[in-house]
Amino acid sequence: MRLKMQHPQRLLLPQYTQRIPAQQPVPVFEVQPDLVMITTYPPRACGLATFASDLMEAMQTQYEQAFSVKICALDAPEAVYPASVFHVLQPESSASYHTLLTKMKQLHQQEWVVVQHEFGLYRTHEYKLLDALNQMEKKIMVVLHTVLSQPDEATLLFMKRLGFLAHTLVVMTNHSKKLLIERYGMLASKIIVIPHGTHLVDHLPKADLKKRMGWEQRTLLTTFGLLSSGKNIETTLQALPLVIEQFPEVLFLIVGQTHPGVVAQEGERYRTFLEDRIAALGLQYHTHFINEYVALPKLLDLLQMTDIYLFTSKNQEQAVSGTFAYALSCGCPIITTPIPHAKELVQKGSGLLFDFEQPVQLARQLVALLAQPEWQEELRGNGLHQMEPTAWENTAMHYVNYLQQQSTTQMSLTLRLPYITLKHVWAMTTGKGILQFARLNQPDTSSGYTLDDNARALIVTVQNYQITRNPALRNAMERYLQFMLFCLQPDGRFLNYLSYTHEFTPQNNAVNLEDAFGRALWALGYCVAFAPTDQASLQQLMQDLLQATRNPRLTLTSPRAIAFTLKGLYFAHESGNADYSTEIEILGDRLQGIYGQTASDTWPWYESYLTYGNSVLPEALLMAWKVTHRKDFKTTAVHSFSFLVSILFRDTYLRVIPNNGWLHRGQAWSQLPLGGEQPIDAAYTVLALDTFYRLLQQPEYAKRMETAYRWFLGLNHRGELLYNPKTGGCYDGLEADHVNLNQGAESTLSHLLARQALELHRNKYSHQLQNQIHT
């Protein structure tokens with residue numbers, strides 16, 4: 001049977017993109033300790049102020065419980081600050097430091113002071129800072145934004161005293177750490193490296209962004225930041241004529257207002273100098289000033305449309321630059337002077353170097369890179385993967401985890417649940433169904449569709465309907481059901497792989513399709529149980545599909561196909577739709593038999609190795625017990641799941657079986673390679689733990705469920721985010737040394753299966769779990 005889809009090409013229903021806030025968590029009784037951060041802070045316009053604001057926001061966004069951050073802002077007292085600023089420090093005033101010390105004594109469980117340090121902030125009053133830190137009797141963390149390679153004697157003495165008072169020194173590059181040890185004599189045990197944070201980006205097509213600005217025919221070179229002579233913009237201006245000879249479409253964007261300190265001392269003299277150079281070189285058509293302190297969304301858009309980012313600073317002492325860190329995170333290949341931060345990144349294949357104040361070298365590098373678009377793409381991809389660990393969410397976790405590990409105060413570090421949004425699901429969905437893969441967060445139409453993903457998408461939309469009761473979701477449910485109907489074959493089985501042009505691909509003949517059949521049955525059963533009952537077309541589709549697949553259900557041999565089918569039949573049976581108990585017992589008995597063929601006292605499992613989707617096997621058998629009341633089903637389910645849980649939770653976090661080396665009977669966990677962890681396995685673990693708690697009511701399952709879900713939020717072996725809150729997508733895999741940044745359907749739907757299951761679980765059991773905690 002084939003039905004034509006009457007829906008639009010894209011699922012454009014604005015009400016679908018609503019964000020669902022998390023339910024209130026089970027109460028935690030510890031009080032958040034206060035943390036004082038001494039720093040410049042917005043509305044002051046400077047890079048360090050932006051850094052501090054971004055770090056604090058990320059810390060508070062990532063955690064339900066961690067620190068209550070109190071800002072001590074370095075600025076004039078007349079500035080209008082947010083409520084988080086509890087003191088405005090005048091660095092030249094001893095009385096201002098005394099007031100700060102008095103206020104700190106009133107704080108709750110305040111153990112840490114974090115100092116964001118940059119030379120020049122204290123305006124020759126550095127020793128007042130040292131004296132105040134000495135009186136605080138707190139643990140001091142100093143974040144060093146610059147480490148001078150050739151300090152004078154006074155600077156060296158100040159730094160040694162600062163290092164003596166500090167419990168921890170944070171630097172942003174390995175080069176800076178080496179300098180502190182070798183040049184300043186600092187203890188290596190005091191120094192940690194945490195890279196400069198960057199913002200997650202909703203990667204948009206570059207051509208679309210350029211078109212908005214009328215630059216679709218231009219090749220964009222960009223630099224940004226507060227303007228001063230140290231940025232050495234004139235080097236690029238001198239290089240441009242040589243570049244324009246071969247690439248006349250080049251446009252150089254100079255983004256940012258003049259540094260307020262520079263304006264106070266010399267006005268706009270440097271900008272005027274640049275304008276004069278542009279006129280003298282005849283570059284008016286090839287340069288464009290954006291003379292403003294650009295808001296973050298606009299800045300990220302400008303960087304995303306940039307073809308090559310230029311960093312031309314002549315300050316050889318500059319340890320780190322947030323500007324090209326942001327540029328790399330937006331997918332810009334960079335050409336940069338060899339400051340230490342740049343050298344560390346470029347050595348890993350994200351850009352090119354040229355010597356300080358050498359415009360001819362810069363021109364040559366630009367011409368070479370502009371002539372090779374494929375090289376630009378290579379550098380772009382390398383840069384994105386390098387910068388993924390530096391997302392502010394990850395950076396905040398590094399800071400908070402370190403502070404917690406070094407604290408005597410007992411804290412509850414609970415990663416905050418993100419809002420639920422189906423934004424990326426709709427972006428991946430066409431008039432036919434949901435596409436299989438994405439490049440970053442952009443749908444890859446060449447990958448086509450799978451039954452697997454559309455079955456998962458059906459469950460996700462039904463789950464979302466359970467939470468929101470949004471009637472608009474019915475159209476999406478029907479679309480994914482129609483896709484399943486399209487894949488149905490006359491014998492009651494399904495084909496799995498469909499091209500973008502709606503043709504079944506040869507892959508269907510080369511792959512065992514039983515597991516895809518099982519996942520389709522799981523989705524159908526879940527839809528029967530929880531989809532709206534007042535939509536006749538939806539109900540008819542489900543009944544037709546269940547009836548058509550009846551004969552193949554009992555011929556399944558793959559353990560996972562049996563398990564997924566059991567799950568679907570369980571949901572349909574429990575809903576009262578029909579009596580599926582006989583089928584459930586037959587399939588449960590078959591799964592029990594598979595277990596009996598391989599299980600032993602030391603290996604209580606269904607196969608001789610642990611592969612993907614392991615949790616679904618004991619989960620399905622427990623569901624079969626619930627319907628049939630067969631004790632052997634329950635015994636096997638509990639015993640095998642306990643065995644699996646003991647392997648997956650060997651540490652304080654979930655570590656799923658890697659797909660680059662399954663765990664075989666008799667193999668030690670330590671022999672497995674790192675990496676190869678897939679979101680789908682984390683999601684199946686969450687769903688199984690939910691089922692075991694729901695049917696057996698043992699609190700340990702609920703605790704494990706919370707832990708397993710937070711694998712997506714950074715509670716994993718790399719300590720890095722898998723869910724992208726900016727796009728609503730989920731990265732495709734956790735590898736040994738990086739995260740796969742593509743956000744395909746399987747990974748995104750897996751995250752939503754887990755997140756929404758946790759939401760439904762909390763909605764139903766929050767009060768019960770609270771009572772168990774009290775008990």
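This is a walk through a predicted model, one selection at a time.

**Stop 1: strand 9**

Start by selecting residues 219–224, which make up strand 9. Are these residues buried or exposed? Here 6 of the 6 are buried, so strand 9 is largely enclosed by the rest of the structure. In a regular strand, side chains alternate between the two faces of the sheet. Try colouring the two sides of strand 9 separately: T219, L221 and T223 sit on one side, while L220, T222 and F224 sit on the other. Both faces are covered, as every residue in those two sets is buried.

Now add residues 250–255, which are strand 10. Strands 9 and 10 run in the parallel sense and pair over 6 bridges. For one such pairing, click on F224 and then on V255, its bridge partner in strand 10. To get from strand 9 to strand 10, follow the chain through helix 7, residues 233–244; this β-α-β crossover is right-handed.

Strand 9 has another partner to show you. Select residues 308–311, strand 12, which pairs with strand 9 in the parallel sense over 2 bridges. Which residue of strand 12 is the bridge partner of L221? That one is I308.

**Stop 2: helix 3**

Next, select residues 126–136 to bring up helix 3, and highlight L129, L130, A132, L133 and M136, which are buried. Turn the view to look along the axis: these residues cover an arc of only 165 degrees, so they lie on the same side of helix 3.

What do the buried residues of helix 3 pack against? Show strand 1 (34–39), strand 5 (112–117) and strand 6 (139–144), plus helix 2 (94–104) and helix 4 (153–165), and you have the answer. Before leaving, click on E137, just after helix 3, where phi is positive at about 50 degrees.

**Stop 3: the nonpolar cores**

In soluble globular proteins, nonpolar side chains tend to be buried together. In this model, the largest nonpolar core has 196 residues. Select F67, L481, M484 and F494, the residues with the most contacts inside this core. Helix 27 (residues 679–696) supplies the largest share of the core, with 12 residues.

Zoom in on F494 and show what surrounds it. Leaving out neighbours within four places in sequence, its contacts include L451, M484, L488, L513, F517 and L545. The list also has Q489 and T549 in it. Apart from this core lies another one, with 40 residues, including C46, V113, A166 and I191.

**Stop 4: salt bridges**

The model has 29 salt bridges. Select D452 and R519, whose side chains meet at 2.8 Å, N to O. This pair links distant parts of the chain: D452 is in helix 17 (residues 451–468) and R519 is in helix 20 (residues 514–530), 67 residues apart. With relative accessible areas of 11% for D452 and 9% for R519, both count as buried.

Move on to E607 and R560, which form a salt bridge at 3.1 Å, N to O. Where in the chain do E607 and R560 sit? E607 is in the loop between helix 24 (581–598) and strand 19 (609–610), and R560 is in helix 23 (residues 559–574), 47 residues away. E607 is buried at 14% relative accessible area, and R560 is buried at 3%.

For a contrast, pick E700 and R704, which meet at 3.2 Å, N to O. They are 4 residues apart in helix 28, so about one helical turn separates them. E700 is partly exposed at 42%, and R704 is partly exposed at 25%.

To see a network of salt bridges, select E64, E706, R710 and R762 together.

**Stop 5: L715**

Finish with L715, in the loop between helix 28 (699–709) and strand 21 (723–724). Its relative accessibility is 27%, so L715 counts as partly exposed. Now click on T652: it is 63 residues from L715 in sequence, but the C-alpha atoms of the two are 8.5 Å apart. Not counting residues up to four places away in sequence, L715 touches T652 along with L415, Y653, L654, T707 and R710. You have already met R710 in the salt-bridge network.

Note on methods
Residues are numbered from 1 along each chain as its sequence is written. This is a predicted model: local features need pLDDT of at least 70, side-chain atom pairs count only at pLDDT 80 or more; totals for chains, interfaces and linings use all residues. Side-chain values use heavy atoms; hydrogens and water are left out. Buried means under 20% relative accessible area, exposed over 50%, partly exposed in between (1.4 Å probe, protein chains only). Two strands pair if DSSP finds at least two bridges between them. A crossover is right-handed if, with the strands pointing away from the viewer, the path from the first strand over the helix to the second runs clockwise. A nonpolar core is a set of buried Ala, Val, Leu, Ile, Met, Phe, Trp, Tyr and Cys residues joined through side-chain atoms within 4.5 Å. Contact means heavy atoms within 4.5 Å. The arc is that of the directions from the helix axis to the C-beta atoms. A salt bridge is a side-chain nitrogen of Lys or Arg within 4 Å of a carboxyl oxygen of Asp or Glu.
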